[in-house]
Amino acid sequence: MMKNIAMKLARTKKGLSQAELADLVGVTRQTIGLIETGKYNPSIRLCIEICENLDVTLNDLFWEESNHG
Amino acid sequence: MDERIEGEQRRITSSGFWVVLSILSISLIIQVNVLKADFSQYAVELFTIIFMLVYVGLGYIIKGIEWDPKLALANPIVFSFIVGIGVTLLNAMTNYSRYTKVYEQKGLSLYLVVLALTFGFAFIVALILSISFKCLMKWRQKKIEQELDQ
């Protein structure tokens, strides 16, 4: 799995730490870290939750250009 | 709750289930074949193993989870053959140690007949059970499809 750099950028742009974002979406800091490093695939429900809290769309964070051209 | 943690907990618990089942099975085999225990001594392990397997089997049927048809074990004939061999091997050890004197007097042909009958019986019982399980699974899949089509 590829690293989710877009998510890390969106999070830092919003001025949130991993722990703060984790609290907002109801998961642990470790889970946010694993998503950003590409080591955990979140459910669609969690993806939506993260996007809503970072004011971005699903495409912005979770669309992989390399797989879909 | 964090979905990832929930998933990890489920994975750990599932592994724990299989570890306990394996330990109980080994304990049962040792008690029957090595220690020659009475039924009353291993009855609890036996019924626990049966309960665990029935619980998992029913769970699969209720949730409509089928075995991958590409798996050899999903074939009732292959499954029954393996069960037959397993039961025969276990019986071979117990039976010979219990009736060594009889077989020494009557010859090994009697022993082979006993093993053949054991295999045949175990194969037939396993075949009936696995075909019944498959039929139940097919019926459940049909019900799920009907529910989805409504």
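Here's a quick rundown of one chain–chain interface and one helix pair. Keep in mind that this is a predicted model. Chain B and chain A bury about 590 Å² between them, and the rule turns up six residue pairs in polar contact there but zero salt bridges. Inside chain A, helices α1(A) and α3(A) pack with their axes within 8 Å of each other.

**Where chain B meets chain A**

- Chain B puts five residues into the contact, while chain A brings 11 residues.
- Of the roughly 590 Å² buried, carbon and sulfur atoms give 44%.
- On the chain B side, Asp2(B), Glu3(B) and Arg4(B) lose the most area to chain A, and together they make up 91% of what that side buries.
- Sorted by class, the chain B residues touching chain A come out as two nonpolar, no polar and three charged.

**What holds across the interface**

- The salt-bridge count between chain B and chain A is zero.
- Polar contacts do show up: six residue pairs qualify, with both partners at pLDDT 80 or more.

**The α1/α3 pair in chain A**

- Helix α1 covers residues 5–13 of chain A and helix α3 covers residues 29–36 of chain A; their axes cross at roughly 130°.
- An angle from over 115 up to 145 degrees falls in the oblique range, so α1(A) and α3(A) count as oblique to each other.
- From α1(A), the contact uses Met7(A), Lys8(A) and Arg11(A); from α3(A), it uses Ile32(A), Ile35(A) and Glu36(A).
- That helix contact splits into three nonpolar, no polar and three charged residues.

Key: Residues are numbered from 1 along each chain as its sequence is written. Chains are lettered from A and ligands numbered from 1 in the order in which they are written. This is a predicted model: local features need pLDDT of at least 70, side-chain atom pairs count only at pLDDT 80 or more; totals for chains, interfaces and linings use all residues. Side-chain values use heavy atoms; hydrogens and water are left out. Contact means heavy atoms within 4.5 Å. Buried area is the accessible area (1.4 Å probe) that two parts lose on being put together, summed over both. A salt bridge is a side-chain nitrogen of Lys or Arg within 4 Å of a carboxyl oxygen of Asp or Glu. A polar contact is a pair of N or O atoms within 3.5 Å; within protein, one must be able to donate a hydrogen and the other to accept it, and residues adjacent in sequence count only if both atoms are side-chain atoms. Ala, Val, Leu, Ile, Met, Phe, Trp, Tyr, Cys and Pro count as nonpolar, Asp, Glu, Lys and Arg as charged, and the others, Gly among them, as polar. Axes are lines fitted to C-alpha atoms, for helices over the stretch in contact, and angles run from 0 to 180 degrees between N-to-C directions. Helices (H or I, at least four residues) and strands (E, at least two) are DSSP runs, numbered from the N terminus. Angles under 35 degrees count as roughly parallel, over 145 as roughly antiparallel, 65 to 115 as roughly perpendicular and the rest as oblique.
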